[in-house]
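The following exercises concern a predicted model. Please work through each task before reading its solution.

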Amino acid sequence: MKKFDKTFIAKTDSIKETVIQKYNIEPSNNICLLINELIRLDKNQGVYLELGTFRGSTLLSCAEASVLFKLTTNLIGIDTFEGFPENLEINNYDHPKHFTELYKNKLITDTHYKNAVIRTDNLTSTTHLENEYFKDIDKIFDRVKNYNNVSLVKSEIKKSGNLIVDPIKILFFDCDLYDSYMDGLNIFYDRVIPGGSIIFDEYYSYKYPGALQAVIDFFKDKNDTLVKYKTQEDFERVMIIKK
């Protein structure tokens, strides 16, 4: 299990503070891994592609990192910016009760399962799957204009394949649902450059079990390298290094 050194964490914390002060939104600590990969792959061909942007806390953090570290990578965020579909039929993999299956199959730990039970009101709450939950996109379309390397694509993931023409060096999933993960992997996996990274925000989610299930299903016949990090508050982050 890898960890980030204190100097690097301090720099990413300063980026978080900048985003909070400028935009009044708080990025999560997954930005440590993303910024680390942006620095590692900056000279490689390809773009950073984010599937699921919402209000842009992660994308804006990457933009601020580009300024701080003088990075040249173009950053692209794909989202409907309209929340989940109005009459979304919940995939069984996305319902909190699927955590029970993951636990039975020893795919999550005791601690993870217990936290999921707490987080989802004993595996019954589905409010995080409702359309209104992700409709407050605030001012993301105006805010990205502050950076010359950031662009937004308004689209469902499954319809976005022809909208991205560049190779991808970082593919970041923050789209929550099993089908969205599978759509993104099926469309964009082959476009990730060798040595590029595929990063999953919800791999250890306490709300969205479908994301982990999608990663398991998609990569079961792949030989890519799984790398685990821990953030400063001991929360695990996972990425695949593409072969």
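**Exercise 1.** Identify the bridge partner of isoleucine 170 in E6, and place the two strands within the sheet.

*Solution.* Step 1: the bridge partner of isoleucine 170 in E6 is serine 197. Step 2: E5 and E6 run parallel and are joined by 5 bridges. Step 3: the open sheet has 8 strands with mixed pairing, in the order E1-E7-E8-E6-E5-E2-E3-E4. Step 4: strand E1 (2–3) and strand E4 (150–154) are the edge strands, each pairing on one side only.

**Exercise 2.** Determine which strands H7 touches as it packs on the sheet, and which of its residues are buried.

*Solution.* Step 1: H7 touches E2, E3, E5 and E6, and its direction makes about 170 degrees with that of E5. Step 2: within this helix, residues 178–188, the buried residues are Tyr178, Ser180, Tyr181, Met182, Gly184, Leu185 and Phe188. Step 3: the buried residues of H7 pack against these strands and also against helix H8 (209–219).

**Exercise 3.** Describe the surroundings of aspartate 94, including any salt bridge.

*Solution.* Step 1: aspartate 94 is located in the loop between E3 and helix H4 (98–104). Step 2: aspartate 94 is buried and has no salt bridge. A salt bridge requires a separation within 4 Å, whereas lysine 97, the nearest side chain of opposite charge, is 12 Å away. Step 3: a polar atom of the aspartate 94 side chain lies 2.8 Å from the backbone nitrogen of tyrosine 178. Step 4: beyond four places in sequence, the contacts of aspartate 94 include Leu129, Asp176, Lys207 and Pro209.

Technical notes
Residues are numbered from 1 along each chain as its sequence is written. This is a predicted model: local features need pLDDT of at least 70, side-chain atom pairs count only at pLDDT 80 or more; totals for chains, interfaces and linings use all residues. Side-chain values use heavy atoms; hydrogens and water are left out. Buried means under 20% relative accessible area, exposed over 50%, partly exposed in between (1.4 Å probe, protein chains only). Helices (H or I, at least four residues) and strands (E, at least two) are DSSP runs, numbered from the N terminus. Contact means heavy atoms within 4.5 Å. Lys and Arg count as positive and Asp and Glu as negative; His and the chain ends are not counted. A polar contact is a pair of N or O atoms within 3.5 Å; within protein, one must be able to donate a hydrogen and the other to accept it, and residues adjacent in sequence count only if both atoms are side-chain atoms. Two strands pair if DSSP finds at least two bridges between them. Axes are lines fitted to C-alpha atoms, for helices over the stretch in contact, and angles run from 0 to 180 degrees between N-to-C directions.
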